[in-house]
Amino acid sequence: MEFSLEHLAAAIVILLFLGGIALFRSPRTARQGGWLNMLAYAGAVAFVILRYPMLNPAFVLIAILLGGTLGSTLALRVSMLAVPQMIAFQHGCGGVAAFLIAFSEFIREGADLTTLAQVGSVLGMLVGAATFSGSLIAAGKLARKIKQQPVFLPRHSTILCGLLVLIISLSVFTVLQIGLPIAVGSAIGLIVISVTIGVVFTIRVGGADMPVAISFFNATAGFAAAFCGIALSNYLLIGCGACVAASGSLLTIVMCRAMNRSLLGVFAGIRPSIAEPAKLPEEVPIEAGGMEALPFDQAIAALKRAKDIIIVPGYGMALAQAQEQTHSLENWLEQRGARVRYAIHPIAGRMPGHMNVLLAEVEVGYDKLFEMEAINDDFKEADLAIVIGACDVVNPAASTRQGTPISGMPILKAHEANAVIVLNLDEKPGFSGVDNPLYGMKHVIPVWGDAKVNLNALLSSLQE
Amino acid sequence: MLSIIVMLGTFFFILGVGYFLVSRVPTLLHTPLMSATNAISSITILGAFILISKSIPPLIAILVIVAIVMASFNCIGGFVLTDRMFKMFRK
């Protein structure tokens, strides 16, 4: 092989992408990093179009306009709460593109493909198709269109292993028969089985583990792109696929660590699934839980007294759409000279970094958002911790009780604060199903009910 | 044989460099990071462009066109969403 103009272009584009990712290091430069990525992408497209003149550009243009219009319209309208399912859906679309391209190359070149390219295109089909179906299931679970609880088929693991054995043998068969009409049929068979595997694999993952699943499919989308690159002997695709695979793998590891679970454990659904997931606010009448006069007044007094406050937002806050009210409370406290910080648990949202986005949307300054490691030791000096719609991530049972689904999971030590206000829907356990001893502690003031309603009530009392 | 080594070498080298760079992205920005890399993964669209420049049977051409629709949805949607999120962190 010789070094060509194509290799040079690929190297420049990959360097630009890596440079863009390097700029994500700080919120100040991140946006420019995004622009650099767009520039690199546009440059790569321009280079390929000039080098490979299309036979029927009209169709291609229509296809781009169709996909682009749909994509940008959805991306501009989607709420920040729904971003995880939007991204999962996009992973699915990327998976479709990958397996279609791998399949087309496999069929078109047939026996002329090198062995390496054959293997690449088969892997591209497999990983692309499984990413497609798995991501759609993940998107459905995130959007609550599909049941949140893990679905166990009878002999689930046996079925999965059987499918894997089947797919490996069929892959070998397909590569051996390449060029013959039967290879087309078995390649289609491969895609169908991979789609099935994606489904069987993902239905077993519970709603609370979606941050891991979505990161994992981010990685597989990258691998699929890299395999397409091997099929087409295209270094640009290989390099870009590797960038994405690196990012997805890292996020998967970060999420597993945050929950103190193994990747295998997450995908095997090893989690006592007896627990009912937390109920949606809309399913519960707002009066439920009721606001007893006493805790409410205690909360008011605690808020007026506190000088050093840490807010612990959870996914329940986002479900109750109480971000604005939380920000207003923060402003009120700061106007009185108090110091307010947010403690963000890595799995506070439904995907890596989700809670930060939800708070940034209502213009909470990002310098007030602290990761768990950075703020956990400060709880014991804080006058007040305000837990809003968070349960498992502040559950002290994680470190005190053995054998629960959250045992060993690092938590935010909100219970160490001098006083704690809990603004949760009810005293039911969170996703994990483990009762939260925090609620019964003496220095804890539970204000049950819809967080938005209660925060509004607290704010209007405070502002009187 | 050489091409196998070069391709796998490229893949693992960039995987390593990418992992290093991504590990320095603060958790604050992990959602837009995933959205951005998601958009980058639609680079497979280049494969579709290369395929469509060659004479291919109409049935395959339809599949490639579908792939272009999907990849451009992924790409443009991904970049727009990423930029929307990054904008929120610039205060």
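## Starting at Ala457(A)

Let's begin with a single residue: Ala457(A) has 17 C-beta neighbours inside 10 Å, so Ala457(A) counts as partly exposed. Its home is helix α17 of chain A, which covers residues 451-463. If you go looking for Lys428(A) from there, you'll find it 29 residues away in sequence, with 22 Å between the two C-alpha atoms.

## How far to trust the model

What you're looking at is a predicted model. For chain A the mean pLDDT comes out at 90, and 94% of the residues reach 70 or more.

Which residues of chain A have pLDDT under 50? That would be the run 272-293. The model still gives this run 39 contacts beyond four places in sequence. Where pLDDT is low, the predicted coordinates should not be read in detail.

## Chain A as a whole

Going by secondary structure, chain A has 17 helices and 6 strands. Lay the chain along its principal axes and the C-alpha atoms fill a box of roughly 80 × 50 × 35 Å. The radius of gyration is 25 Å, which agrees with the value near 23 Å that a compact globule of 464 residues would have.

How much of chain A is buried? Of its 464 residues, 52% count that way. As for the contacts, take those in chain A between residues at least 6 apart in sequence: 79% of them join residues at least 24 apart.

## Two domains and where they meet

Chain A splits into domain 1, residues 54-267, and domain 2, residues 283-463. Their C-alpha centres sit 37 Å apart. Where the two touch, 18 residues of domain 1 of chain A are in contact with 14 residues of domain 2 of chain A.

Looking at the domain 1 side of that meeting, three helices of chain A each supply at least two residues: α4 (83-109), α8 (210-231) and α9 (235-259). Which of them gives the most? It's α9(A), with 5 residues. The make-up of this side of domain 1 of chain A is 15 nonpolar and 3 polar residues, with no charged ones.

## Strand β4 of chain A

Now for the strands. In chain A, β4 spans residues 384-388, and 5 of the 5 residues are buried, so the strand is largely enclosed by the rest of the structure. Both of its faces are covered. Leu384(A), Ile386(A) and Ile388(A) are buried on one side, and Ala385(A) and Val387(A) are buried on the other.

What does β4(A) pair with? One partner is strand β1 (residues 308-313) of chain A, joined in the parallel sense over 5 bridges. In that pairing, Pro313(A) has Ile388(A) as its bridge partner. Another is strand β5 (residues 419-423) of chain A, also parallel and held by 5 bridges. Here Val387(A) stands opposite Val422(A), and Ile388(A) stands opposite Leu423(A).

## Strand β5 of chain A and on to β6

Is β5(A) largely enclosed or open to the outside? With 5 of the 5 residues buried, β5(A) is largely enclosed by the rest of the structure. Both faces are covered here too: Ala419(A), Ile421(A) and Leu423(A) are buried on one side, with Val420(A) and Val422(A) buried on the other.

Besides β4(A), which β5(A) joins through 5 bridges, β5(A) pairs with strand β6 (residues 444-446) of chain A. That pairing is parallel and has 3 bridges. Ile421(A) stands opposite Ile445(A) in β6(A).

## Chain B against chain A

Finally, the second chain. In the contact between the two chains, 74 residues of chain B meet 96 residues of chain A. On the chain B side, the elements giving two or more residues are α1 (2-23), α2 (30-41), α3 (45-52) and α4 (58-88).

Which of these has the largest share? That goes to α4(B), which brings 27 residues to the side that touches chain A. By class, this side of chain B has 48 nonpolar, 20 polar and 6 charged residues.

Technical notes
Residues are numbered from 1 along each chain as its sequence is written. Chains are lettered from A and ligands numbered from 1 in the order in which they are written. This is a predicted model: local features need pLDDT of at least 70, side-chain atom pairs count only at pLDDT 80 or more; totals for chains, interfaces and linings use all residues. pLDDT is the predictor's confidence in each residue, from 0 to 100. Two residues are in contact if their C-beta atoms, placed from the backbone, lie within 7 Å. Helices (H or I, at least four residues) and strands (E, at least two) are DSSP runs, numbered from the N terminus. The radius of gyration is taken over C-alpha atoms; the globule rule is 2.2 Å times the number of residues to the power 0.38. A residue is buried if 20 or more other C-beta atoms lie within 10 Å of its own, exposed if 12 or fewer, and partly exposed in between; C-beta atoms are placed from the backbone. Domain bounds come from an automatic or database domain assignment. Ala, Val, Leu, Ile, Met, Phe, Trp, Tyr, Cys and Pro count as nonpolar, Asp, Glu, Lys and Arg as charged, and the others, Gly among them, as polar. Two strands pair if DSSP finds at least two bridges between them.
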